[in-house]
Amino acid sequence: MLNPERFLADLHHLRSFGASGVGKGVVRPAYSDADVAARTWLAGRMRDAGLRVACDEMGNLFGLADGPSLLLGSHSDSQPEGGWLDGALGVISALEVARAAKESGGPPVSVVSFQDEEGRFGVTTGSAVWSGQLSLADADGLQDHSGMPLAEARGAMRHLVTGPVDSAQFRGFIEMHIEQGPALDTAGEQIGVVTDIVGIRDMNITFTGQQNHAGTTPMHLRQDAFQAVSAFNTTLNYRFRNVVTPQTVWTIGHISLHPNASSIVPGRAVFSMQWRDADQDRLARMEEIIRDTAQATAGDLGMQVSFGRLLGLDPVAMDSTLRGALEQAAGTVAPDRWRRMPSGALHDATNVSRLMPVAMLFVPSIGGISHAFEEDTAEVDLVAGLRVLDAAVRNSAGGTRG
Ligand code: GLV
Ligand code: MN
Ligand code: MN
């Protein structure tokens, strides 16, 4: 029997790994001690639920049912400052639905916690490798912002690794997640059934000027890399205005100035440039504008610019059969309090859609806040989501593939 108390207890236990001390927030980036400890605990919970534990070289952790099954889950790593539900909700709800199905002779359900969804090293790195979007060799060449290579970081999960996990055993994938935006909370609704997930592009850009003395170097003789970033950002916002829609977003979220000292004109600035939209052509047009603007800015200021590797995922639509099962369940669990909606956040479901039918459901985020310690959702809404997920699994039993 589905057990909401057991589900909530596991969800709260998971946040004890990497608890930040601020509200319910967590600090559990991929392959950190807290992440590895959480995955080791999860493996035990999967085993207790009667699932066979498997873990691939990337550290994607699976609890496998016997025979063909539906796969449910998400990720249990967090942002450098993250909330307790982003990813965790999808993993623990999957665990509860799988456990209840085992207990009551329900349809076979497997569980997954993908590794590095939050992109310490790339973009949804673990599911990108599992789905074949990115080779393990290419992933191994990625580095985090401190220069740590993924090849080295993933050694922290060696004790759990069993080998490759074949995707052919799964009939489809459903990921439950918090919305991470304001739509459901503002409308007083309980469930969102996802129609599409937007696409994303992400690339590091480096401006190189001349490091120099901050007291003696006249302003007109400086090649200040921070000034280049600042000018680039202003020009870019202006040049985007006729290309973007109100749904398009772009972010410079990480910047590192070298050598990052008050009395030194910075000679180098490396920063992340990320942009997201539901239209692939618009993503490509934005890339052209970004490259062109950066080159023009460097030229104007007498500096060099270079571009890192372009990472990204294309927009994807959800599978109509699995989505229909979620809609039917939402209509029963939350009549008149659910809607269809696109996802502006990225999810492992995007990668998994290369392998099998996928669908997603959302529950509200209080105040629309996520990727922050304050992230939260009313427990009554978490349980409503759990019930929708469970009902959808039962609705689609026998379902979509194979
Ligand atoms: C995933 O967390 C994202 O950045 O959308
Ligand atoms: Mn997430
Ligand atoms: Mn996230």
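Is His 371 buried, partly exposed or exposed? Keep that in mind as you open this predicted model, and let's start at the metal.

**Stop one: the manganese ion.** Select ligand 3, a manganese ion, and display its donors: Asp 86 through OD, Glu 118 through two OE contacts, and His 371 through NE2, at 2.1 to 2.4 Å. Along the sequence these donor residues follow the spacing D-x31-E-x252-H. Glu 118 sits in the loop between strand S4 (109–114) and helix H4 (125–130), while His 371 sits in the loop between strand S17 (358–363) and helix H12 (379–395), so the pair ties together parts that are 253 residues apart in sequence.

Now colour these two by accessibility. His 371 has 41% relative accessibility and counts as partly exposed, which settles the opening question. Glu 118, at 12%, counts as buried.

**Stop two: the neighbouring ion.** Add ligand 2, also a manganese ion, to your selection: the distance between ligand 3 and ligand 2 is 3.5 Å, and Asp 86 coordinates both.

**Stop three: the cavity.** Searching the whole structure turns up one cavity of 30 Å³ or more. The largest cavity holds about 30 Å³ of space. To find it, select its lining: Asp 77, Ser 78, Gln 79, Gly 82, Gly 83, Asp 86, Glu 118 and His 371. You have already met Asp 86, Glu 118 and His 371 as donors to ligand 3.

**Stop four: the surface.** Finally, select Phe 226, Ile 252 and Ile 255, which make a nonpolar surface patch of about 230 Å². Ile 255 belongs to strand S10 (residues 255–258) and is partly exposed, with a relative accessible area of 39%.

Methods
Residues numbered from 1 in each chain as written. Chains lettered and ligands numbered in written order. Predicted model: local features only at pLDDT ≥ 70, side-chain atom pairs only at ≥ 80, totals over all residues. Heavy atoms only, no water. Donors = N, O, S within 2.8 Å, 3.2 Å for Na, K, Ca; no water. Helix = DSSP H or I, 4+ residues; strand = E, 2+ residues; numbered from the N terminus. Buried < 20%, exposed > 50% of the residue type's maximum accessible area, 1.4 Å probe, protein only. Patch = residues over 30% accessible without salt bridge, like charges linked within 9 Å, V, L, I, M, F, W, Y side chains within 5 Å. Areas by Shrake-Rupley, 256 points an atom, 1.4 Å probe, with all protein chains shown as cover. Salt bridge = Lys/Arg side-chain N within 4 Å of Asp/Glu carboxyl O. 1 Å grid on protein atoms, 1.4 Å probe; cavity = no way out; pocket = protein on both sides within 12 Å on 5 of 7 lines; lining within 4 Å. Points joined across faces, edges and corners; volume = space filled by probe spheres on them.
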